[in-house]
Amino acid sequence: MILCAGCKDMRFSLLPERKFDSVTDIEPELLRAMGVELLILDVDNTIAPYKTLTLEKRVTDWAARVKDAGIGLFIVSNNKGERPEVFASLLDIPFLKRAGKPSPRGVRRALELSGTPPERAALAGDQIYTDTVAASLAGVHMLLVEPIRFTNIFLAIRYFFELPFRRERKHN
Ligand SMILES: [Mg+2]
């Protein structure tokens, strides 16, 4: 399904290609089978809950396995604080913050900096209206994960409005 934003240059989909309970369920073998060489990571509620400054061991172990498989990782976050940089340094990967998703700008910049064509990249994120739209506009694969934790009512309300799109899957 393609939803048009009303502008002919702004065609995008709100449907992810694949869905996972957690980012750590995204197996390197699957990424390789999809031809993905760069996995772009959202931060908030994708690799860590809001406000924490540490990563769980299961996340660092998973990131190491992805990198061992020859797949690059790159943080692209809307977060304006220190967390993108802290996590990028823990994982030893590049990062961009204030990415302005749903704008595809940050995702495109990560592709440019890593020299990756969009069809060889995927974005792992927890939000439909920011991550999925940015991935779609940038032409990269979208892998939707369940948010780690709802820390306030607004996150839960937004999740409710995402449900129609979370239930469907994009068919290429
Ligand atoms: Mg997020």
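Here is a walk through this predicted model, from its metal site to its core and its surface.

Let's start with the magnesium ion. Three protein residues donate to it: D42 and D126 through OD atoms, and D44 through its O atom, with distances of 2.1 to 2.2 Å. Along the chain these donors are spaced as D-x1-D-x81-D. To find the site by eye, look for two loops: D44 sits in the one between β4 (38-41) and α2 (57-68), while D126 sits in the one between β7 (121-125) and α5 (128-138). Those parts are 82 residues apart in sequence, so the pair D44 and D126 ties together distant parts of the chain. And are these two residues buried or exposed? Both D44 and D126 are buried.

From the metal site, move on to the nonpolar interior. The largest nonpolar core has 28 residues, and the ones with the most contacts inside it are I26, L39, L41, I47 and W62. Which elements build it? At least two residues each come from β4, α2, β5 (72-76), α3 (83-91), β7 and β8 (141-145). The top contributor is α2, which gives four residues. You've already met β4, α2 and β7 as elements that flank the loops carrying D44 and D126.

Another spot worth a look is L111, which is found in helix α4. With a relative accessibility of 7%, L111 counts as buried, because the cut-off for that is under 20%. The C-alpha atom of L111 is 9.0 Å from that of I40, although the two residues are 71 apart along the chain.

Now for the charged pairs. Side chains of opposite charge can pair when their charged atoms come close. How many salt bridges does the model have? The count is eleven. One of them joins R65 to E27, with the closest N and O atoms 3.1 Å apart. This pair links distant parts of the chain, since R65 belongs to helix α2 and E27 to the loop between β3 (18-20) and α1 (28-33), 38 residues away. Neither end is buried: R65 is partly exposed at 37% relative accessible area, and E27 is partly exposed too, at 31%.

A second salt bridge brings together the side chains of R120 and E37, at 3.7 Å from N to O. Here again distant parts of the chain are linked: R120 is in the loop between α4 (105-114) and β7, E37 is in the loop between α1 and β4, and 83 residues separate them. R120 is partly exposed, with a relative accessible area of 36%, and E37 is partly exposed at 41%.

The salt bridge between R109 and E112, at 2.5 Å from N to O, is a local affair: both residues lie in helix α4, three residues apart, or about one turn of the helix. R109 counts as partly exposed at 38%, whereas E112 is exposed at 57%, because the line for exposed is drawn at over 50%. Elsewhere, salt bridges with shared partners connect E146, R158, E162 and R166 into one network.

That brings us to helix α6, which spans residues 153-166 and includes F154. F154 counts as exposed, with 62% relative accessibility. It is part of a nonpolar surface patch of about 580 Å², together with I153, I157, F160 and F161.

Finally, the aromatic rings. There are three aromatic pairs in the structure. One of them is F150 with Y159: the ring centres are 5.1 Å apart and the planes meet at 65°, so the pair is edge-to-face. What makes that angle count as edge-to-face is the cut-off of over 60 degrees. The two partners differ in burial, as F150 is partly exposed at 41% and Y159 is buried at 17%. Another pair is F160 with F161, where the centres lie 5.3 Å apart and the planes stand at 85°, so this pair is edge-to-face as well. F160 is exposed, with a relative accessible area of 53%. Both F160 and F161 are also members of the nonpolar surface patch described above.

Methods
Residues numbered from 1 in each chain as written. Predicted model: local features only at pLDDT ≥ 70, side-chain atom pairs only at ≥ 80, totals over all residues. Heavy atoms only, no water. Donors = N, O, S within 2.8 Å, 3.2 Å for Na, K, Ca; no water. Buried < 20%, exposed > 50% of the residue type's maximum accessible area, 1.4 Å probe, protein only. Salt bridge = Lys/Arg side-chain N within 4 Å of Asp/Glu carboxyl O. Patch = residues over 30% accessible without salt bridge, like charges linked within 9 Å, V, L, I, M, F, W, Y side chains within 5 Å. Areas by Shrake-Rupley, 256 points an atom, 1.4 Å probe, with all protein chains shown as cover. Phe/Tyr/Trp six-rings, centres within 6.5 Å; stacked < 30°, edge-to-face > 60°. Core = buried A, V, L, I, M, F, W, Y, C linked by side-chain atoms within 4.5 Å.
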